[in-house]
Amino acid sequence: MTAFFQSLGLPYEWAWTVATLTGIIVISLLVMFSVAMVIYVDRKVLGAIMMRRGPNVVGPFGLLQSFADGLKVFLQETIIPSAANKGIFLIAPIITFTVALAAWAVIPFDAGVVVSDINVGLLYILAISSMGVYGVVMSGWASNSKYPFFSAMRASAQMISYEVSIGFVLVCVVLFAGTFNMSGIVNAQQGFGLGVINAYVVHPLLFPMWVVFFISSLAETARAPFDLTEAESELVAGYQTEYSSMSFALFWLGEYANILLMCSLNTLLFWGGWLPPLDIPVLYMVPGIIWFLLKTFMFFFMFSWIWATVPRYRYDQLMRLGWKVFLPMSLLFVAATSGWLMATGHFDRATVPAEAAAGPTTIVHTTPAQPTAVKATS
Amino acid sequence: MIQAIAFYFFAAIVVASAVMVIWSRNPVHSVLWLILAFFNAAGLMVLLGAEFIAMLLVIVYVGAVAVLFLFVVMMLDIDFAAMRAGFSRNAPLGLAIAGILLAELLLAVGAYNAGGLTLGTPDGTAVQAADATNIEALGALLYGRYIVLFEIAGIILLVAMIGAIVLTFQPPKPGARARQDVGKQISRRPEEATVMKSPPVGQGVEL
C-alpha cells in the first residue's frame, strides 16, 4: 500500500505514514464491524441450539440488532460509583478495548494483507494478550465492590495459568515453522500434510497441541465453559458489574474482538490461514481472505456451540486442567516435537536455503570453537 | 528526527512514571505506574532494534511479574498513616541507599566516558552476530557460546522454584479430610451415593 501512495507523488516517509494509518483505520473498522456481526451470530446460534428464534426484530432477520444495541448503550448515562477510584475505573475499559484492537496489527488476512509484518509477530500477540488482563484487574479493583474484585482475582489467575500452556503450544508451532513471523508460519504450512493438505493440524504431534490451544483459547478469552470471571450465578456480572453505557460496551466489544482474535490465531497457526485446505491450483482461484474468514468463522461457530452445550467448570477444576494436565502435556510435546524434528532432519533442510540465499536473514552458527568474532564498534 | 521524538517521548514517560511509582500514595497506583514504565522501556528497546527483548520485557515483566505484584498489593490492607509515621526512622537508611545509587550512577557515567569495557573473546573483541534477526542472533549465542551459563541459570531458577514449593508446602495433617480424587468422584453413580427409604409416618429416618 506504501507503493500506491508513493505513486500518487508522496515522498516515502509520508507514503508510509499515510499507508499505515489507513491500514490501522480500515482494520479497526472492519474488526468492529465483524464484532457487531459476530455478536449477532452468537445470539442466533445460541437461539438455534436452544430452539428459539434469537434476535429477529431489528432489520431483516434481526441483522441490525447489534447496531441498535450499540446506539442504545451510546445514549445511556455513564454511572461512576461514588466509592470508585475514578481514574482507574475509567481507564480500565479503554485498556481492554485498545489492547483487543492492537493485537490485530500483525494478523495477516491474506498474503501481504497485514498492517505490520514484523518478525516477532507471534511474540507481539503474546505480549499484547498478556496486557489484556490489566483491563480486568483494574476494573475489578477500581469498582470498590466485592463481586468485581473476586472476578478480577479469578481472571488474573486464570489468564496467567493458561498463557503458560499457550506459550508452550506456540513453541511447538514455531519449531515446525522456523519463524515467529505470522505470514511465515502460514507459508510454512503450504503442502504440509502429505504434500497436499495446507494445515499443521494433520501432524500427529500438532493435533493434540491444537486441541490444547483451542481449549486454552476458550479459557484465555473467559468464554464458556471457563467464564468464571463473569459467572452470573455467583458474581452478578463479574468485573463489569459496576459499569454502564459506553464503558460497559467497551468491555463487551473488547471481549468479542479478543474471541475473534483467538479464532483467527487458531486459523493461522494450525489450519493454514489464508491458504485453501488442499494444495490444489483450482482452490487458489478463491481469494485467500475468503478462506481466512471461512476458517475463522468456523472456529467462532465452535465457540458458540460450546457455550450452548457445555456446563461451567468449577474453579479448582479449571486450575487443575491448566496446571496439572495442559502444562505437563504441552511441555512433553515441546520435547517430543523438537526430538522428532531433530530425528527427521527438519532443521538441516530448513537452514540450507537460508544459507544458500546468503541474504540479510543468514543464520549465524556460533560455536565455542570458532566464534564469529567481529571487531566491537565501541 | 522521528527516532529522536520517539526516544524522548518514551524516555520521558519512563522517567516520569518511575517518579510517580515513588510519589503516589496508593500502592496500587504505584504498581500501575511501574507497569507503564516497563511498557515504555519496551518501546525504547524497539527503538534500539532489539524487538525480541522488547517483546520479552512485555511478556515477562508486564504480563506475569507485574500482575503478581498487583495481585499481592491489591489484597494487602495497607495503613497509610503507619507507613508515613516511619519516615524519620527510615530516613538514614534511605539516604544511605540514595547515596550509593548516586555514586554508582556517577561511576557508570565516568566509565562510559572513559570508553566501554570490552567483554567477550580473549583478544578483547565482543562477539557480535552479524546480519541476523534478533532471535537468531540471541539463540546462536545463548545455545551455542553461552550454553553452560544458560543451563546454570536455568538450574538456579529450578532450585529456587523447588525451594519455594518446599517452603510453602504443608503436608496434610493426619486426620484431615482425604485428598480429592477426581476419578473417584466422576465414577460415582447415584445408587452408591443415595439410599431410598420409606419411613413410617412420624418416625423419621436414621442415617
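Helices, at least four residues long, and strands, at least two, are DSSP runs numbered from the N terminus. With that in hand, welcome to this predicted model. Let us start with chain B and then turn to a place where it meets chain A.

Chain B holds nine helices and zero strands. Read from the N terminus, its elements run α-α-α-α-α-α-α-α-α. The table gathers some overall values for this chain.

| Property of chain B | Value |
|---|---|
| Residues of chain B that count as buried | 20% of 207 residues |
| Contacts in chain B joining residues at least 24 apart, among those between residues at least 6 apart in sequence | 53% |
| Area exposed by chain B | about 15700 Å² |
| Share of the area exposed by chain B supplied by carbon and sulfur atoms | 71% |

Now for the meeting of two helices. Helix H5 of chain A covers residues 121–142, and helix H3 of chain B covers residues 51–75. Their axes come within 9 Å and cross at roughly 20 degrees, so H5(A) is roughly parallel to H3(B). The crossing in which H5(A) passes H3(B) is left-handed.

Which residues of H5(A) and H3(B) make the contact? On H5(A), they are Leu123(A), Tyr124(A), Leu126(A), Ala127(A), Ser130(A), Met131(A), Val133(A), Tyr134(A), Val137(A) and Trp141(A). From H3(B) come Phe52(B), Met55(B), Val58(B), Ile59(B), Val62(B), Gly63(B), Ala66(B), Val67(B), Leu70(B) and Met74(B). Sorted by class, the contact of H5(A) with H3(B) has 18 nonpolar residues, two polar ones and no charged ones.

Note on methods: Residues numbered from 1 in each chain as written. Chains lettered and ligands numbered in written order. Predicted model: local features only at pLDDT ≥ 70, side-chain atom pairs only at ≥ 80, totals over all residues. Heavy atoms only, no water. Axes fitted to C-alpha atoms, helices over the stretch in contact; angles between N-to-C directions. Parallel < 35°, antiparallel > 145°, perpendicular 65-115°, else oblique. Left-handed = near helix turned anticlockwise from the far one by under 90°. Contact = heavy atoms within 4.5 Å. Nonpolar A, V, L, I, M, F, W, Y, C, P; charged D, E, K, R; others polar. Buried < 20%, exposed > 50% of the residue type's maximum accessible area, 1.4 Å probe, protein only. Areas by Shrake-Rupley, 256 points an atom, 1.4 Å probe, with all protein chains shown as cover.
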